[in-house]
Amino acid sequence: MTPTQLILRRIGLLAFGCLCALGLSAAAPAPKIVLFLGNSITAGYGLDLSVAFPALIQKKIDAKSWNFKVVNAGQSGDTSAGGLGRLDWLLKNRVGVLVLELGGNDGLRGLPAEVTRKNLQAIIDRTRTRYPKAKVIIAGMMVPPNMGRDYSSRFRAIFPDLAKKNKASLIPFILEGVGGMEKLNLPDGIHPTAKGHEIVAANVWKVLEPVLKTLR
């Protein structure tokens, strides 16, 4: 083989390798985004983000080698109005699943239940307008008894009502097994410890896993 032929052969092999690499890249689709839009519970208040329940959900996804990426959009102190206000920026992500964990701070502040309902509905509508095929999961929440029986009842009903209206999946009470349990909450009695987040992650996964299966 002449030097010229040898050089051409090497160039051909290099080009073939590049094409193969490009082909492999094209064959690997971008992961679908699971957007957790929430308040301090989602944000893992008082803890490292790595032990907050969205990070634990990512570990469960990775263990199954599923192509989903969790985006933690939790912000401490956020209300339903606050979440709606920052939604457009968050929707720059191509959302496959929206896990909506907002409303708790509305309830603690005694904001009108109908205002909370309206804001959460607007978040769902805006998400589905941008991504019509996006799945929605609504995380239910309750308020302390001192908010009054009537208000507590109307507030608690927001979440199952929205789930039914929007054909969304429902986590009945995201803090099930954690709320009111002293050992599973930080000294403030409101925010879960790392162990508490493990239980929250299990509550979420019970509803989220079947949804992700439908998108694989």
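Here are legends for four close-up views of this predicted model.

**View 1. The largest nonpolar core, seen around I57 and L208.** This core has 59 residues, and I57 and L208 are the ones that touch the most other members. Helix α9 (residues 194-215) gives the core its largest share, nine residues. Look around L208 and, beyond its neighbours within four places in sequence, you will find it in contact with V34, F36, I57, V97 and I137.

**View 2. S80 and its surroundings in helix α4.** S80 belongs to helix α4, which covers residues 80-85. With a relative accessible area of 0%, S80 is buried. Its side chain makes a polar contact with the side chain of D106, at 2.6 Å. Not counting residues up to four places away in sequence, S80 touches L102, D106, T116, N119, L120 and I123.

**View 3. The largest pocket, with a volume of about 400 Å³.** Of the 20 lining residues, L108, M141, M142, L175 and I190 are the closest to the pocket's centre. Helices α2 (40-43) and α6 (104-108) each supply at least two residues of the lining, and the largest share, three residues, comes from α6. By character, the lining divides into nine nonpolar residues, ten polar and one charged.

**View 4. The second largest pocket, with a volume of about 250 Å³.** Strands β1 (32-38) and β3 (95-101) each contribute at least two residues to this lining. Among the lining residues to pick out are K32, R94, R130, K133 and L215. Here the lining divides into seven nonpolar residues, one polar and four charged.

How values were computed: Residues numbered from 1 in each chain as written. Predicted model: local features only at pLDDT ≥ 70, side-chain atom pairs only at ≥ 80, totals over all residues. Heavy atoms only, no water. Core = buried A, V, L, I, M, F, W, Y, C linked by side-chain atoms within 4.5 Å. Buried < 20%, exposed > 50% of the residue type's maximum accessible area, 1.4 Å probe, protein only. Helix = DSSP H or I, 4+ residues; strand = E, 2+ residues; numbered from the N terminus. Contact = heavy atoms within 4.5 Å. Polar contact = N/O pair within 3.5 Å; in protein donor to acceptor, adjacent residues only side chain to side chain. 1 Å grid on protein atoms, 1.4 Å probe; cavity = no way out; pocket = protein on both sides within 12 Å on 5 of 7 lines; lining within 4 Å. Points joined across faces, edges and corners; volume = space filled by probe spheres on them. Nonpolar A, V, L, I, M, F, W, Y, C, P; charged D, E, K, R; others polar.
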